[in-house]
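Trainee: Before we go through this model together, could you take my questions one at a time and give the criterion behind each term?

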Amino acid sequence: MVALSFTPSRTCRQFMLDDSFIRLIAGPVGSGKSTSCIWELFRRACEQAPGPDGIRRTRFAIVRQTLVQLKSTVLKDVLEIFGAVADYRVSESTVYIRFGDVDSEWWLVPLEKEDDARRLLSSQITGAWVNEAIEVDIALMAGLAGRCGRYPKPFATWRGLLLDTNMPTSGSSWHNAMVNPAPDWEIFTQPGGLSADAENLEWLLQNEQSIKLPVTDPSRRATGRIYYERLARSSNLDWVKRYVHAEYGSDPSGTAVYRLTFKRSFHVVDELEPVAGRLLIIGQDFGRDPCSVITQVDHFGRLLILEEVIAEDTGLEQHINIALRPALIQERYLGKPIAIVGDPSGGNRSSIYEINEFDFLQSAGFQAFKAPSNDPDTRIRAVEAWLMGARNGGAAVLIDATRCPTIVAGFDGGYRFGFTRAGQRKPSPDKNRYSHSADAVQYAAMASASGMHSMIGGRVMNGRRMPNVRPRPSAKGWT
């Protein structure tokens with residue numbers, strides 16, 4: 001009898017023990033994701049209820065972009081782990097694992113041709129594993145999930161879809177699926193390779209001496225960490241971000257504006273609360289897709305980006321009345337002085353109406369100020385000054401991940417410089433779904449610098465008119 005054993009890392013263990021129909025585990029290269037998926041298929045094969053003849057039959061599809069990739073990675077690992085009980089048949093591209101009462105077929109399925117996907121989506125399988133999932137069209141997942149649980153008859157004890165991957169680019173379909181998973185999905189993300197909690201270090205880059213030491217020996221982790229330290233020396237910072245630090249990367253179609261200064265783990269927190277008695281500065285971008293960003297400088301001198309209020313294809317008046325005012329009457333903002341700082345071009349009077357955006361804001365009861373500049377380079381530098389700053393040993397700017405998802409995604413690569421047809425980087429960031437919130441943050445960042453912040457605070461706190469964010473009580477209420 002061959003003895004087989006496997007001890008997964010913390011995140012891989014959580015991934016394997018979960019029973020969600022679709023499970024995705026993401027992390028840096030070399031973190032043990034693929035090995036965990038291999039063992040999970042093996043475990044499920046062993047746990048399948050015996051059929052009428054006493055045999056536990058299962059059939060799994062293992063999917064990747066090409067057969068070469070499957071053979072050089074997955075097949076190699078499967079045969080190395082289960083070689084004593086596994087038989088690979090080249091003509092069928094199938095691994096058969098047979099021992100005792102277990103009879104399991106592992107079908108290697110590349111997606112090199114259109115016929116490959118058709119065959120996959122007409123198969124009868126117990127479950128499937130998509131290796132390096134971000135290389136595969138996410139639209140295939142729904143059809144593939146529909147094939148799971150169709151073998152064996154009369155029923156499969158377990159059915160499901162396993163996905164492993166490195167981190168996708170921000171704004172991609174895979175990024176959206178991981179950030180906002182569907183009800184049947186569960187997402188597991190491993191720590192970065194250079195973090196204190198990095199996983200699988202005990203098995204990376206080991207040598208003849210270190211491999212003899214106990215797994216808990218600190219020198220084994222130190223040896224494994226060298227693996228990631230070498231990878232991190234790559235000049236491709238976007239690659240390092242995704243494959244070493246296990247963070248969402250920049251869109252390859254352009255250069256992320258804040259790629260050298262923004263770090264999600266440093267600048268983003270799950271939730272922020274505004275500070276009592278301190279001025280709220282709302283960065284305001286105008287146009288047909290207006291955006292307001294509620295910010296505040298706290299008593300530590302940190303810029304808190306508290307909430308984004310985004311509208312599409314609407315005018316400023318409607319945006320203020322149906323979006324910004326309802327946001328400001330939340331209990332967390334009540335009683336705090338408010339000022340709006342917007343795009344200076346909003347001060348240009350309309351050729352039809354004798355009013356501009358700032359006139360309207362004043363008439364609506366807000367103290368409104370023009371930002372110091374509309375120059376893109378000046379605005380970006382203002383934000384980067386905050387991103388590169390530090391307060392009390394932490395970040396000088398913090399972003400609320402829950403209330404500012406578009407801002408976070410934009411800073412993480414969605415807000416970017418495009419390229420001309422000649423391959424030259426454009427001087428200004430592209431206008432896209434992230435640019436309006438990014439512009440609003442820039443106006444708030446400029447206004448929150450010490451000089452202008454003091455001036456605005458002085459004018460607002462000296463009894464100037466405050467925005468009417470709550471309905472005025474009727475005089476009838478006093479009778």
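Trainee: Is Asp164 buried or exposed?
Mentor: This is a predicted model, in which local features need pLDDT of at least 70 and side-chain atom pairs count only at pLDDT 80 or more, while totals for chains, interfaces and linings use all residues. Residues are numbered from 1 along each chain as its sequence is written, and side-chain values use heavy atoms, with hydrogens and water left out. Buried means under 20% relative accessible area, exposed over 50%, and partly exposed in between (1.4 Å probe, protein chains only). Since the relative accessibility of Asp164 is 0%, this residue counts as buried.

Trainee: How far apart are the C-alpha atoms of Asp164 and Ser34?
Mentor: Asp164 and Ser34 lie 130 residues apart along the chain. Their C-alpha atoms are nevertheless separated by 6.6 Å.

Trainee: Which residue forms a salt bridge with Asp439?
Mentor: A salt bridge requires a side-chain nitrogen of Lys or Arg within 4 Å of a carboxyl oxygen of Asp or Glu. Asp439 is buried at 3% relative accessibility, whereas its partner is exposed, with a relative accessible area of 64%. The closest N and O atoms are 3.0 Å apart, and the partner of Asp439 is Lys431.

Trainee: Is Glu307, which meets Arg332 in a salt bridge, buried or exposed?
Mentor: The side chains of Glu307 and Arg332 meet at 3.8 Å, N to O. Arg332 counts as buried at 11% relative accessibility. With a relative accessible area of 12%, Glu307 is likewise buried.
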